[in-house]
Amino acid sequence: MVQDEENECEILPTFHSFYRRLYAAAAKQAKTDKLNKVFEKVMTESSFCKLSPRIQCILRWIFACHELWLGLTFDDIDCEEWVEMANPDNPSWGDLDGPHAIITEGIGRIVETRMTKKLETKINHRVIKIEQTNQGCRTTSVASQSDKGDTSATITSAFVIVTIPVAVLAKSADDLFSPSLSNSMKKSLSEISISHYLKVYLVFNRVFWDKESTWIGVTADFPNKDPSNQPFMLYFNYYKFNKAPILIATACGEAAKLLEMKKEDNEIVKRALKPLYKVFGTHIEEWLEQSLVTRWGKEKYSKGAYPLGSFSIDQEHGSVLFAGDGITANGDEGSLHAACFSGIKQAETVLEILQTRNAPLQ
Ligand SMILES: Cc1cc2nc3c(=O)[nH]c(=O)nc-3n(C[C@H](O)[C@H](O)[C@H](O)COP(=O)(O)OP(=O)(O)OC[C@H]3O[C@@H](n4cnc5c(N)ncnc54)[C@H](O)[C@@H]3O)c2cc1C
C-alpha cells in the first residue's frame, strides 16, 4: 500500500518528471504507435532505470491508476490520442473546476427525482425507431412488462435530441433512424474508442480496512504485473460514503474485456481478492458475504463505459440532434459534465429554431 510519507515525498517529483518525459517522447512518436512501447522505453532511460525497485514499482502503479482513470490500458492507446488529452501543463484535464460529489444512489435518481416532475417521461422504455416525416419526428419505444407482454408508445415532436450512448448508436444506427444516418456520421461514430471497466463489488461482514481512506491501492504486484492475469490494484472504499462494508475493485481496458468475455464470476472474484490477501491476510476470504461482477461491455444499453473521443455537436440529421458524453459541445467528453453541457446546448438550439419559426413551445 502507498502509505508512508517518505515514499510519497520522493515519488511526486519523480512522477512529474517521468510524466513530462513520457509526454515529450509520445509527441515525437508516430500517430498510431501505442503508448505502452514509449512508456517502457522511457523507463529504461538512465534517470529512471536507476530508481530503487520500490520507487519504480510505485511509479508503475501510479500509471496503472492513470490507465484506470482512462478506462483503457496503454497498449490500447495511440500516442497521438493520449498527447491530445494529457498535456502536463493542464493537470486538471478531463475535470471540471469545483468539488467532487458522489451520488450514492446512482445517477438514475437525477432523472427519477428531477426530470419526471416536469416532463412526460417514459422510464424503462427502449427507443426502437426515430422517423422524420413531413409532420415532424415520430419516436417509437417499447416497454417489456412481464405480465402484459410488450407495450409500445409513440411520441410526435418537432425535434428529437438523442442521448443514447455513442457505442450503442454505432451498433444500432441502421435500425434506429429513418432516414438513415449519413455514411460520414456512421463512420465518425464507429471511430470513437470506448473505454472498458469491470467492477467487482466485494461485500464483507465487517470493515477490516481504514474506514476514512477513499482508496486502497496495492502496489505489491508491480512492476512484474501481467495485467491480463492480475488487473486489480485499486479498491474504492464504499464504507466511507454509505456505511456498507463494501470494497469495489476495478479492472480496465483489454484486461477487463477478456475477464468479462472468458471468466466466470467466481474466478473474477478470486482475482479481485488476491491482492487484498497480501495486505490483510487470506483469512479475509471467510468474511466475504456476497459479490457482484459488472459486465457492462455486454450490456446492450451501454456497450462499454465512456467514450474517449467524440462526435461533433454540429453534425446534423435533419430535426434529430445528438447530446450525451460522446457529443462534444466545448471540448469535454466522456463525463457527466460533457453530457450535461451538450444537452443544454442542444436544447438551446431547438428553442432558438422554434422561436425563429414562431412555433408554440411545448
Ligand atoms: C465506471 C464509471 C465511472 C465514471 N466516473 C465518472 C466520474 O467520476 N465523473 C464523471 O463526470 N463521469 C464519470 N463517468 C462517466 C459518466 O457516467 C458518463 O459520462 C455519463 O453518465 C454520460 O451520460 P449520458 O446521459 O451521455 O449517457 P448514459 O449515462 O450512458 O445514459 C444513456 C442512457 O441511454 C439509455 N439507452 C441506451 N439505449 C437506449 C434505447 N434504445 N432507448 C432508450 N434508452 C436507451 C441507457 O440505458 C442509459 O440510461 C463514469 C463512467 C463509468 C462507466
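Is isoleucine 110 buried, partly exposed or exposed? Hold that thought for a moment. First, a caution: what you see above is a predicted model.

Now the answer. Isoleucine 110 has 39% relative accessibility, so it counts as partly exposed. Its place is in helix H6, residues 108-118. Isoleucine 110 also belongs to a nonpolar surface patch. The other members are Ile103, Ile107 and Leu336. The patch covers about 350 Å². Keep Leu336 in mind; that residue comes back with the ligand.

Let me step back to the whole chain. There are 362 residues, and 41% of them count as buried. The chain has twelve helices and 15 strands. Along the principal axes, the C-alpha atoms fill a box of roughly 70 × 50 × 40 Å.

On to the ligand. How many residues surround the ligand? The number is 19. The closest are Val127, Tyr306, Gly324, Asp325 and Leu336. Sorted by class, the shell holds eleven nonpolar, five polar and three charged residues.

Next, the polar contacts. Take aspartate 325. One of its polar side-chain atoms sits 2.6 Å from a ligand oxygen. The backbone contributes as well. A polar backbone atom of leucine 336 is 2.9 Å from an oxygen atom of the ligand. For serine 335, again through a polar backbone atom, the distance to a ligand oxygen is 3.3 Å. So leucine 336 appears twice in this talk: in the surface patch, and in a backbone contact to the ligand.

How much of the ligand does the protein bury? Taken alone, the ligand exposes 1,000 Å². The protein buries 62% of that. Which elements give two or more residues to the shell? They are strand S1 (126-133), strand S7 (197-204) and helix H12 (336-356).

Stay with helix H12 for one more residue. Glutamine 346 has its place there. Its relative accessibility is 4%, so glutamine 346 counts as buried. What does its side chain meet? A polar atom of that side chain lies 2.8 Å from the backbone oxygen of phenylalanine 322.

Last topic: salt bridges. The count comes to ten. I will show three of them.

Begin with arginine 295 and aspartate 265. Their closest N and O atoms are 2.6 Å apart. Why is this pair worth a look? Arginine 295 lies in the loop between strand S11 (288-293) and strand S12 (307-308), while aspartate 265 is in helix H11 (residues 265-280), so the pair ties together parts that are 30 residues apart in sequence. Arginine 295 is partly exposed, at 23% relative accessible area. Aspartate 265 is also partly exposed, at 37%.

Then lysine 187 and glutamate 191. Their side chains meet in a salt bridge at 2.9 Å, N to O. Glutamate 191 reaches 53% relative accessibility, so this residue counts as exposed.

Finally, arginine 138 and glutamate 131. Here the closest N and O atoms are 3.8 Å apart. Arginine 138 is partly exposed at 35%. Glutamate 131 is partly exposed too, at 24%.

To recap. The ligand has 19 residues around it, and the protein buries 62% of the area it exposes alone. Aspartate 325 reaches the ligand through its side chain; serine 335 and leucine 336 do so through the backbone. Helix H12 is one of the elements that give two or more residues to the shell, and buried glutamine 346 sits in that helix. Please remember that the model is predicted. Over to you.

Key:
Residues numbered from 1 in each chain as written. Predicted model: local features only at pLDDT ≥ 70, side-chain atom pairs only at ≥ 80, totals over all residues. Heavy atoms only, no water. Near = heavy atom within 4 Å. Polar contact = N/O pair within 3.5 Å; in protein donor to acceptor, adjacent residues only side chain to side chain. Areas by Shrake-Rupley, 256 points an atom, 1.4 Å probe, with all protein chains shown as cover. Helix = DSSP H or I, 4+ residues; strand = E, 2+ residues; numbered from the N terminus. Nonpolar A, V, L, I, M, F, W, Y, C, P; charged D, E, K, R; others polar. Patch = residues over 30% accessible without salt bridge, like charges linked within 9 Å, V, L, I, M, F, W, Y side chains within 5 Å. Salt bridge = Lys/Arg side-chain N within 4 Å of Asp/Glu carboxyl O. Buried < 20%, exposed > 50% of the residue type's maximum accessible area, 1.4 Å probe, protein only.
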